[in-house]
Amino acid sequence: MAKAVGYDVTVIDPRGAFATSARFSDVRLLEAWPDEALLAERPDERSAVVTLTHDPKLDDAALRVALDSKVFYIGSLGSRKTHKARLERLSADFGKNDTLLRICGPVGLAIGARTPAEIAISIMLR
């Protein structure tokens, strides 16, 4: 959906089984660790970062880089309970300040989204 509304989309995932051209035929794929790829990509104020894996070793690493950047949007998939735990983990690096408030979690608008398409719509509306 992001591509359909004009965004350049890059999917970053070190797990080749997930980041395949069969699943993501029309976007740029990077089979790399998210933190390393984001550092190399150098996201700026025209960039958004959305983490979707539910895996802290992937998502938290990407979030740390995003929080240290000027990206205009940071979102992370997961329940309120998952997001609370995420913030606790990240507070070790960023303290208990407004920096962590930049993360929209659970990602997207609260429209009761369940399917991937509904979640995508909720993110794009945010």
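What follows is a chat between a visitor and a guide about reading a predicted protein model.

Visitor: Before I look at any atoms, how confident is the predictor in this chain?

Guide: Start with the confidence score, since this is a predicted model. As a rule, low-pLDDT coordinates should not be read in detail. Here the chain has a mean pLDDT of 92, and 100% of its residues reach 70 or more. Confidence is lowest in H4, with a mean of 90, and highest in H1, at 97.

Visitor: Fine, on to the sheet. What is the order of its strands?

Guide: To read a sheet, take the strand order, then the sense of pairing, then the edges. This one is open, has three strands in the order E3-E4-E5, and pairs in parallel. E3 (48-51) and E5 (103-104) are the edge strands; each has a single partner strand, so one side of each has no neighbour in the sheet.

Visitor: What packs on that sheet?

Guide: Helix H2 does, and it touches E3, E4 and E5. The direction of H2 makes about 165 degrees with that of E4.

Visitor: How many bridges hold each strand pair?

Guide: Count them pair by pair. E3 and E4 pair over four bridges, in the parallel sense; one example is Val49, whose bridge partner in E4 is Ile74. On the other side, two bridges join E4 (residues 73-76) to E5, again running parallel. There, Gly75 stands opposite Cys104 in E5.

Visitor: And which way do the residues of E4 point?

Guide: Sort them by side. Tyr73 and Gly75 point one way, Ile74 and Ser76 the other, and all are buried.

Visitor: Back to H2. How many of its residues are buried?

Guide: For a helix, ask how much is covered, and then by what. H2 is mostly covered, with nine of its 12 residues buried. Among them are Leu58, Ala61, Leu63 and Val65, but also Asp59 and Asp60. The cover over the buried residues of H2 includes H1, H3 and the strands E3, E4 and E5.

Visitor: What happens at the start of H2?

Guide: Look for a side chain reaching to a backbone nitrogen. A side-chain oxygen of Asp55 comes to within 3.0 Å of the backbone nitrogen of Lys57. Asp55 also forms a salt bridge with Lys57, where the closest N and O atoms are 3.3 Å apart. Lys57 itself is exposed, at 55% relative accessible area.

Visitor: How many salt bridges does a search of the whole structure find?

Guide: Six. When you read one, check the distance, then where the two ends sit. Take Glu41 and Arg28, whose side chains meet at 2.8 Å, N to O. Glu41 is in helix H1 (residues 34-41) and Arg28 in strand E2 (residues 28-30), so this pair ties together parts 13 residues apart in sequence. Both ends are partly exposed: Glu41 has a relative accessible area of 36%, and Arg28 has 40%.

Visitor: Which salt bridge involves Asp93?

Guide: The one with Arg64, at 2.3 Å from N to O. Asp93 lies in helix H3 and Arg64 in helix H2 (residues 56-67), so the pair ties together parts 29 residues apart in sequence. Asp93 is partly exposed at 46%, and Arg64 is partly exposed at 30%.

Visitor: Ser91 is in H3 too. Is it buried or exposed?

Guide: You decide that from relative accessibility, with under 20% taken as buried. Ser91 has 15%, so it counts as buried. Its helix, H3, spans residues 80-94. Setting aside neighbours within four places in sequence, Ser91 is in contact with Lys96 and Leu100.

Visitor: One last spot, then. Where does Gly108 lie?

Guide: In the loop between E5 and helix H4 (116-125). With a loop residue, check burial and then its contacts along the chain. Gly108 is buried, with a relative accessible area of 6%. Its C-alpha atom is 3.9 Å from that of Ile123, although the two residues are 15 apart along the chain. Not counting residues up to four places away in sequence, Gly108 touches Tyr73, Ser122, Ile123 and Arg126. Tyr73 is one of the E4 residues we sorted by side earlier.

How values were computed
Residues numbered from 1 in each chain as written. Predicted model: local features only at pLDDT ≥ 70, side-chain atom pairs only at ≥ 80, totals over all residues. Heavy atoms only, no water. Buried < 20%, exposed > 50% of the residue type's maximum accessible area, 1.4 Å probe, protein only. Contact = heavy atoms within 4.5 Å. Salt bridge = Lys/Arg side-chain N within 4 Å of Asp/Glu carboxyl O. Pairing = 2+ DSSP bridges. Axes fitted to C-alpha atoms, helices over the stretch in contact; angles between N-to-C directions. pLDDT = per-residue confidence, 0-100. Polar contact = N/O pair within 3.5 Å; in protein donor to acceptor, adjacent residues only side chain to side chain.
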